[in-house]
Every structure is written in structure tokens, then in C-alpha cells.
Amino acid sequence: GWIFHGGQIGDGAAVGNGVLDLNLSAASGSMAAATHNRFYVPPFSTHIRFCTRVVAADSDDRLRVKVGSNLEADQPVDMVTNACGETIISMGPYQDSVQTLSFELVGNGSGTARVFVDNIAFLPSDLLLLDGFETGNTSGWTTAIP
């Protein structure tokens, strides 16, 4: 869906080894974006979760996530991270519908940020994920993933 069937990967965005790589550079200008079309949100899924890792930071750049035309997340990418940072977005308004899912890295300044997006997944409402998903430290989890 990122590339086929009408999805798109713009300048400065690529999918490699299952990781969405958003990279602002002179080639991508002020935005690097990828849109997944035919993004079906099941009726039991109340949230989506994804992990981000900031590989190169810029104090004026932001990661924006849209479902359809609605902005659902707007995060600064002003600090390099060595591990996955988890974000959870409510899918309540989109349950049992087909949407687009877009990740956009937007530059307002020098535009030098680079962000990896990985492990995009649906969550039912009875799962509680805490820090440790990527590291394997599940001691803080209150409910195991089935």
C-alpha cells in the first residue's frame, strides 16, 4: 500500500527492510512523505501504535501523522534517539472504514532531520503497551500481547 495500488512514497522517503525512512535533504526539500492507501481499520481496533527513531535531529522539523485528511500526531524531531519511541493514536472515529495513513517529515528550518518509522500495528482496547516493546523488557507491561 505504500507504493502499489495508489499509495505513494515521495522524495526523501523509502521503505527498506520493513522500515519507513523519512529523510529531509536538499533533494526532498521541505517535506518527505509516504502515504498508505486502502488502510482498513478493523471494527475492533481502537488504536494504532508505531515506533519512531530519530536518526538525525533538527529543532525546526516535525513528524506529522494523518489519517485521511485529519492530523492525528504532530511531534518534534529535535533530539536523536537510540531506541524506539512509541506513539499511540486513537482510531475510534475511523473504525470499520478505509482510510489513508500518511507520515510526513516537515522541515521549517534547515530541513536536515531523518526519522525511521517501524512496527505500525493495530491495538484492541484491552492492550496496554508501555516502554520496553523494542528492548524486550516487558516487566512494566500489565497485559501480555496475544
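Reply: Before the pocket is read, one convention is needed: Ala, Val, Leu, Ile, Met, Phe, Trp, Tyr, Cys and Pro count as nonpolar, Asp, Glu, Lys and Arg as charged, and the others, Gly among them, as polar. The model under discussion is predicted.

Me: How do the residues of the lining of the largest pocket divide under this convention?

Reply: The lining holds seven nonpolar, five polar and three charged residues. The pocket itself has a volume of about 160 Å³. Of its 15 lining residues, Thr52, Val54, Gln75, Pro76 and Thr81 lie nearest the centre.

Me: Which strands each supply at least two residues of that lining?

Reply: β5, β7 (70–76) and β8 each do so.

Me: What pattern does the protein follow along the sequence?

Reply: The pattern is β-β-β-β-β-β-β-β-β-β, with 10 strands and zero helices in the protein. Among contacts between residues at least 6 apart in sequence, 71% join residues at least 24 apart.

Me: In what order do the five strands of the open sheet stand?

Reply: The order is β2-β3-β10-β5-β8, and the pairing is antiparallel. β2 (13–16) and β8 (85–90) have a single partner strand each and stand at the edges, so one side of each lacks a neighbour in the sheet. From one strand to the next, the twist averages 30 degrees.

Me: How many bridges pair β5 with β8?

Reply: Strand β5 (residues 45–56) and β8 are joined by six bridges in the antiparallel sense. As one instance, Cys51 has Glu86 in β8 as its bridge partner. As a general idea for reading any such strand, side chains alternate between the two faces of the sheet when the strand is regular.

Me: Where is Ala83 found, and which residues does it contact beyond its neighbours within four places in sequence?

Reply: Ala83 is in the loop between β7 and β8. Once those sequence neighbours are left aside, Ala83 is in contact with Thr52 and Arg53. The C-alpha atoms of Ala83 and Cys51 are separated by 9.0 Å, although the two residues are 32 apart along the chain.

Me: Is Ala83 buried, partly exposed or exposed?

Reply: The general idea is that buried means under 20% relative accessible area and exposed means over 50%, with partly exposed in between. Ala83 has 40% relative accessibility, so Ala83 counts as partly exposed. Of the 146 residues of the protein, 39% count as buried.

Me: Why is strand β9 described as largely enclosed?

Reply: Strand β9 (residues 97–107) is largely enclosed by the rest of the structure because nine of its 11 residues are buried.

Me: Which strand pairs with β9 over nine bridges, and which is joined to β9 by seven?

Reply: Strand β4 (residues 31–41) pairs with β9 over nine bridges in the antiparallel sense, with Ala34 opposite Phe103 in β9. Strand β6 (residues 61–67) is joined to β9 by seven bridges and also runs antiparallel to β9. Here Val67 stands opposite Leu101 in β9.

Me: What is notable about the phi of Asn17?

Reply: In general, most residues other than glycine have a negative phi. Asn17 has a positive phi near 55 degrees and is not a glycine. Asn17 lies in the loop between β2 and β3 (19–23) and, at 84% relative accessibility, counts as exposed. Asp96, also not a glycine, has a positive phi of about 55 degrees. Asp96 is found in the loop between β8 and β9, where its 49% relative accessibility makes it partly exposed.

Technical notes:
Residues numbered from 1 in each chain as written. Predicted model: local features only at pLDDT ≥ 70, side-chain atom pairs only at ≥ 80, totals over all residues. Heavy atoms only, no water. Pairing = 2+ DSSP bridges. Helix = DSSP H or I, 4+ residues; strand = E, 2+ residues; numbered from the N terminus. Axes fitted to C-alpha atoms, helices over the stretch in contact; angles between N-to-C directions. 1 Å grid on protein atoms, 1.4 Å probe; cavity = no way out; pocket = protein on both sides within 12 Å on 5 of 7 lines; lining within 4 Å. Points joined across faces, edges and corners; volume = space filled by probe spheres on them. Buried < 20%, exposed > 50% of the residue type's maximum accessible area, 1.4 Å probe, protein only. Contact = heavy atoms within 4.5 Å.
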